[in-house]
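Work through the exercises below with the sequence and the coordinates at hand. Each task is followed by a solution in steps.

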Amino acid sequence: MELKNIFSKKVLTLLSASILFCGCEDFLTRDHPTAITDEDFWGTVGECNAALSSCKYWPRGTYHYDAPYFSLVHLEGATDNMYWSGNFKGEIANLGNGSATTTTGGYMNDLWTQYYMRIRRCNRFLDHVDAAYFVDEKERERMIAEARVWRVWYHIQLLMYYGMNDGIPIQDKVLNGDEIYKSRNTIDECLNFINSELDAVIAIQDTENKVFPFVWDRDRRDRMCKAYALMLKMDVNLQFKRYDVVKAAAKTFIEHPDNSFELYYSAETDDDPGKNYRDMFRYKGQDNKERIMYVGSGCSEAWFRNAPQSLGGQGAASVLRSLVDEYETADGVALKDLPAAEREKLQKDPLAVARDPRLYETVVLPGDNSSFIDYVYEPFKDGADQVGKVGASRTGYWAKKYLNEEDRSNNGNGSLYFPLYRYAEVLLDYVESLVETGDWQNPDVEKYINMIRNRAGMPNMDKAVYNTQEKVRELYRRERRVEFAFEGKRYFDIRRWGIGNETMNGSALGAWNPTTNAYVQVENRACTFPKYNAWPIPQTEETANPNIEQPTGW
């Protein structure tokens with residue numbers, strides 16, 4: 001789903017001053033008092049298409065150069081999966097250790113400003129698109145439906161990052177000078193608005209598949225569709241525990257007659273039990289039927305940012321012991337359920353016995369000599385990879401996911417896709433909604449958990465162990481964490497499950513250092529909740545708008 005930056009000279013002029021909540025009446029009417037007027041601009045399909053294109057922005061996996069520069073792999077540094085050791089985007093480390101303030105800025109300023117700016121663009125598009133001449137009215141209907149979903153997408157993101165405790169201002173129309181200082185709408189008001197908008201486009205009857213099909217063909221996957229709308233509906237309602245809504249949306253998605261999404265299986269014939277998971281994040285497998293919403297070249301800098309300096313990277317992604325310990329043994333036993341001596345042995349040496357194959361495809365561990373050609377990872381020996389050296393992992397573990405050997409020789413610049421949502425998430429969202437509504441014995445719970453585990457080379461869930469609601473909850477939460485590591489899901493899982501005080505406080509530990517006979521400690525974290533459920537809004541916004549305050553705790 002690679003964004004297409006198609007701009008005409010007119011649209012560049014028209015949108016050059018599109019700033020959220022501007023107070024000038026003439027500006028709000030014409031968007032630029034000295035430039036082309038709305039009456040002159042909104043005339044053709046091409047101009048409308050260019051304006052719609054300016055509404056679009058997807059976050060990427062790794063760093064990129066389009067504002068607001070939001071990168072979900074890097075944001076894992078604000079979770080218990082990773083310590084952020086990059087020399088850029090320091091606000092990630094601040095969010096991870098509890099030292100962020102209302103003036104920290106970075107992502108916390110940029111998302112608010114950029115996403116409301118794009119909401120305003122969507123509103124202006126919807127306000128003016130009817131003035132243009134279209135040969136095919138269905139094309140106008142398609143653009144209107146798409147603009148509505150983009151507007152919802154930004155509201156969802158703003159609500160999840162800034163409004164978890166208090167809601168956000170809904171902006172569903174072009175504002176005049178008397179309306180720009182908006183207060184927060186309640187969470188329920190925000191969710192009702194979002195669900196109403198998504199339901200409206202999902203209900204579009206489109207027998208010719210010209211307006212809003214279940215999914216567009218491969219060459220038009222950048223367009224919004226029913227599958228995307230259902231996915232977004234699942235995502236936002238899951239976060240706010242509207243599990244009945246999630247369950248219904250997931251079931252509609254799974255059972256839709258046009259649903260052709262499926263879990264990915266590799267075509268390779270080697271005997272690696274983790275090859276299906278491995279190849280899904282490599283060039284050979286990235287073009288697959290599991291990805292629902294994705295960004296072309298969304299992990300273009302994965303090698304450059306995440307690999308250590310010894311391999312030409314910056315070593316920004318230092319994985320924490322908390323994540324490594326979450327992977328079961330290969331026969332399906334959680335480390336916490338092992339006898340103490342066995343558990344301690346695996347915690348100190350994760351390669352001591354066979355583990356969940358997803359571990360080896362996600363993290364580079366001490367002693368790893370098979371992940372990359374002519375490379376052995378030795379973080380506790382003198383050398384470039386030694387913990388504490390510039391450009392080396394700070395924890396003794398580093399992130400392997402998305403790294404392809406092909407990118408090693410081209411200065412770390414790749415073109416790997418980043419999956420925003422994939423079909424495994426539909427299945428696990430459905431599982432969570434069943435378990436949390438008391439239907440944990442529903443056969444679909446076991447069915448979909450086993451489908452995901454088996455694809456990864458793991459055995460079925462042990463029903464002798466996972467035989468209560470609480471135990472099944474423990475299992476699906478672990479599955480979600482290891483399946484979606486470094487895909488931007490853990491940040492919100494921590495908040496939805498109410499485990500922030502447990503997971504985001506105290507020592508952030510890395511690998512066992514045999515020289516010091518201790519685990520590497522990279523920092524002490526002190527995130528307080530519910531404060532850290534939400535980001536602070538830009539200080540300039542609070543100063544300028546008398547009707548809005550910082551979220552709870554800030």
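**Exercise 1. The hairpin**

Determine in which sense strand 7 and strand 8 pair, and over how many bridges.

Solution. Step 1: take helices (H or I, at least four residues) and strands (E, at least two) as DSSP runs, numbered from the N terminus. Strand 7 then covers residues 505-513 and strand 8 residues 518-526. Step 2: two strands pair if DSSP finds at least two bridges between them. Here there are seven bridges, in the antiparallel sense. Step 3: for the register, L509 stands opposite Q521 of strand 8. Step 4: four residues lie between the strands of this hairpin, and N517 has a positive phi near 55°.

The model is predicted: local features need pLDDT of at least 70, side-chain atom pairs count only at pLDDT 80 or more, and totals for chains, interfaces and linings use all residues. Residues are numbered from 1 along each chain as its sequence is written, and side-chain values use heavy atoms, with hydrogens and water left out.

**Exercise 2. Aromatic pairs**

Classify the ring pair of Y115 and Y154 and state which helices it links.

Solution. Step 1: rings of Phe, Tyr and Trp (its six-membered ring) pair if their centres lie within 6.5 Å; planes under 30 degrees apart count as stacked, over 60 as edge-to-face and the rest as tilted. Over the whole structure, the search gives 39 aromatic pairs. Step 2: the ring centres of Y115 and Y154 are 5.1 Å apart and the planes stand at 50°, so this pair is tilted. Step 3: Y115 belongs to helix 7 (residues 107-128) and Y154 to helix 8 (residues 137-162), so the pair links distant parts of the chain, 39 residues apart. Step 4: with buried meaning under 20% relative accessible area, exposed over 50% and partly exposed in between (1.4 Å probe, protein chains only), both Y115 and Y154 are buried. Step 5: ring pairs also join F70, Y107, W112, Y116, Y161, Y162, Y491, F492 and W535 into a cluster.

**Exercise 3. Charges over rings**

Find which residues lie over the faces of F281 and Y491.

Solution. Step 1: require NZ of Lys or CZ of Arg within 6 Å of the ring centre and within 35 degrees of the ring normal. Step 2: K401 meets this over F281, at 4.4 Å from the ring centre. Step 3: R495 does so over Y491, at 3.6 Å from the ring centre.

**Exercise 4. Two helices**

Compare the end-to-end reach of helix 8 and helix 10 with the expected span.

Solution. Step 1: the expected span is 1.5 Å times one less than the number of residues. Step 2: helix 8, with 26 residues, reaches 38 Å from first to last C-alpha, close to the expected 38 Å. Step 3: helix 10 (residues 226-239) has 14 residues and should span 20 Å; its end C-alpha atoms are 20 Å apart, which agrees. Step 4: 20 of the 26 residues of helix 8 are buried, so the rest of the structure largely encloses this helix. In helix 10, 14 of 14 residues are buried. Step 5: at the start of helix 8, a side-chain oxygen of D136 comes within 3.0 Å of the backbone nitrogen of K138.

**Exercise 5. A loop asparagine**

Establish whether N404 is buried or exposed, and which backbone atoms its side chain contacts.

Solution. Step 1: N404 sits in the loop between strand 5 (398-399) and strand 6 (418-422). Step 2: its relative accessibility is 2%, so N404 counts as buried. Step 3: a polar contact is a pair of N or O atoms within 3.5 Å; within protein, one must be able to donate a hydrogen and the other to accept it, and residues adjacent in sequence count only if both atoms are side-chain atoms. Step 4: a polar side-chain atom of N404 lies 3.0 Å from the backbone nitrogen of Y283, and one lies 3.4 Å from the backbone oxygen of Y402.

**Exercise 6. Backbone exceptions**

Locate the cis peptide bonds before P68 and P530, and the positive phi values of K89 and D374.

Solution. Step 1: most residues other than glycine have a negative phi, and most peptide bonds are trans. Step 2: A67 and P68 are joined by a cis bond with omega about 10°; the bond from F529 to P530 is cis with omega near 15°. Step 3: K89 has a phi of about 50° and is buried at 15% relative accessibility. D374 has a phi of about 55° and is exposed at 78%.
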